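Open the model in your viewer and keep the selection panel at hand. The stops below are meant to be taken in order.

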Amino acid sequence: YSNYGKPAITWQSAEQIDLGIDISLLNNRIELSVDYYNKMISDLLLEQPLPGYMGTIGNEAITRKAPWGNFGELRNEGLEVMIRSRNLTGDFQWDTDLNFTRNRNTLIDLGIPDAFLSGNIGASGNVLISRTQNGQPLGNFYGYRVVGVFKDKEDILNSPVQWDPVNDVDGDGNPILTRDGTVWPGDLKFADIDKNDTIDIRDRVDLGSPQPKFSFGFNNTFRYKGFELGVYLVGVYGNKIFNAMKNPNGGGLSAMRSAWDNQLQEVARRAKLEPINDPTPEWWDDIDNVRLSNPDTDIPRATFSDPNENTRVSDRYIEDGSYLRIRNITLSYNFPEAISRKIGSNALKLYVQVQNAYTFTKYSGFDPEVGQDTWDRNLFGVDNGRYPSPRIYSVGLNVGF
């Protein structure tokens, strides 16, 4: 068998409350439907992590997976609103359909003090990018906050410590800074969250939720005599996306740890160094004679070794995932019955259509419509290079018999 067993395991249980109301006004010209739901799931089925010495890592042929168990409670609460209206009637007609959805999921309690659900990426699944604690929405991103780029030696010394205070100092306790071994001008400066004047793993924080504040669909249909125009819009607002195409693990399209890999255009704005005084031989290795030539940049320096771990998980990879997409535009013409009868048809319609015509978004990746990760069910809103939704042009003829 491949899993450790747990005889006391049970099915998940759920209790749900649904409240709804339907309203029709003005001889059904306006229809309103509102649904509220509150679902509590108990005894969640989750894998229980085990330490490696129990045989959960190593040779794939003999490793055994962690057992499944029942842990804690999860609440899903949401509101769905649908409005349908006939705005104009007569020769020129205009119909509208609007749907609005707001959903909140919250991890109530895992039943274990200080426990959390982790979401990981990377070739070995060892890069933590999300952490869900009790009382939080599922899949919150987790990491460091970037507050700038080091401009020179003085900037480094006047900032919280980002080098090894034990090994990277001389006999008098002064830091020994080297270009390939410690923090250096051009490296990212991280926020000292716990205010202890040192940057370490305790400075990681919640970086935002991949869950949107709301999503919507908006469909309008216009008719005039035989012509019909339909425009369908969709969108979400308030969610974050982790752009893993930039790769927090050091080998991605903005890592700058290789001279042979393709990289994003944004790396052209990377931190670049210049001598403070006269350019002595190998001035770039002299911490007292090097500074940034573009101090306004937010992109770190290019480096093979990356001793400062500029590629660590941080809000550098977190982007606004809100978007408005023109999902569908359809223009059609319904031929008069007299014409359709001439070919033995009872309905004849010619149409042209554009799907995914345009997307309004600030997201820098291919497509903001990311969804749930396929490798880790605790991950949401992670862009691993999902193939973007294609724009499709269609011309067709519908013939009814």
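Which residue forms a salt bridge with K246? Select E266: its closest contact with K246, N to O, is 3.2 Å. Both ends sit in a single loop, since K246 lies between β15 and β16 (273–275) and E266 lies in the loop between β15 and β16 as well, so the pair ties together parts that are 20 residues apart in sequence. K246 has a relative accessible area of 7% and is therefore buried. E266, with a relative accessible area of 17%, is buried too. The model is a predicted one, and the distances on this tour are to be read as values computed from that prediction.

**The three-stranded sheet**

Now select β15, residues 240–243. This strand belongs to an open sheet of three strands, ordered β18-β15-β21, with mixed pairing. The edges are β18 and β21, each of which pairs on one side only. Strands of a sheet pair through backbone hydrogen bonds, and they may run parallel or antiparallel. On one side, β15 pairs with β18 in the antiparallel sense over three bridges. On the other, two bridges join β15 to β21 (residues 382–383), and these strands run parallel.

Show F242 to see both pairings from one residue. In β18, I318 stands opposite F242. In β21, the bridge partner of F242 is V382.

**The loop leading to β18**

Select the loop between β17 (290–292) and β18 (318–320), and pick out D306. Most residues other than glycine have a negative phi. D306 departs from that, with a phi near 50°, a positive value. Is D306 buried or exposed? With a relative accessibility of 6%, D306 counts as buried.

R312 is found in the loop between β17 and β18 too. Where is the nearest side chain of opposite charge to R312? It belongs to E309, 4.3 Å away. A salt bridge needs the nitrogen and carboxyl oxygen within 4 Å, so that distance does not qualify. R312 is thus a buried residue with no salt bridge. Show N308 next: the side chain of R312 reaches the backbone oxygen of N308 at 2.6 Å.

**The nine-stranded sheet**

Zoom out and select the open sheet of nine strands, which runs in the order β1-β2-β5-β6-β13-β14-β19-β20-β22 with antiparallel pairing. Its edge strands are β1 (13–25) and β22 (392–400), and each pairs on one side only. From one strand to the next, the twist averages 10°.

Within this sheet, select β6 (residues 92–109) together with β13 (residues 214–224). How many bridges link β6 and β13? There are 10, in the antiparallel sense. To place the pairing residue by residue, show Q93, which stands opposite R223 in β13.

Step on to K225, in the loop between β13 and β14 (227–237). Its phi is near 55°, again a positive value in a residue other than glycine. K225 has a relative accessible area of 68% and is therefore exposed, whereas D306 is buried.

**More salt bridges**

Side chains of opposite charge can pair when their charged atoms come close. How many salt bridges does a search of the whole structure find? The number is 18. Select K189 and D155, one of these pairs, with the closest N and O atoms 3.0 Å apart. K189 lies in strand β11 (residues 188–190) and D155 in helix α1 (residues 153–157), so the pair ties together parts that are 34 residues apart in sequence. K189 and D155 are both buried.

For the last stop, select R327 and E369, whose side chains meet in a salt bridge of 3.0 Å, N to O. R327 is in strand β19 (residues 323–334) and E369 in the loop between β20 (347–361) and β21, so this pair ties together parts that are 42 residues apart in sequence. At 22% relative accessibility, R327 counts as partly exposed. E369 is partly exposed as well, with a relative accessible area of 22%. Add R325, D367 and R386 to the selection: salt bridges that share partners join them with R327 and E369 into one network.

Conventions
Residues are numbered from 1 along each chain as its sequence is written. This is a predicted model: local features need pLDDT of at least 70, side-chain atom pairs count only at pLDDT 80 or more; totals for chains, interfaces and linings use all residues. Side-chain values use heavy atoms; hydrogens and water are left out. Two strands pair if DSSP finds at least two bridges between them. Helices (H or I, at least four residues) and strands (E, at least two) are DSSP runs, numbered from the N terminus. Axes are lines fitted to C-alpha atoms, for helices over the stretch in contact, and angles run from 0 to 180 degrees between N-to-C directions. Buried means under 20% relative accessible area, exposed over 50%, partly exposed in between (1.4 Å probe, protein chains only). Lys and Arg count as positive and Asp and Glu as negative; His and the chain ends are not counted. A polar contact is a pair of N or O atoms within 3.5 Å; within protein, one must be able to donate a hydrogen and the other to accept it, and residues adjacent in sequence count only if both atoms are side-chain atoms.
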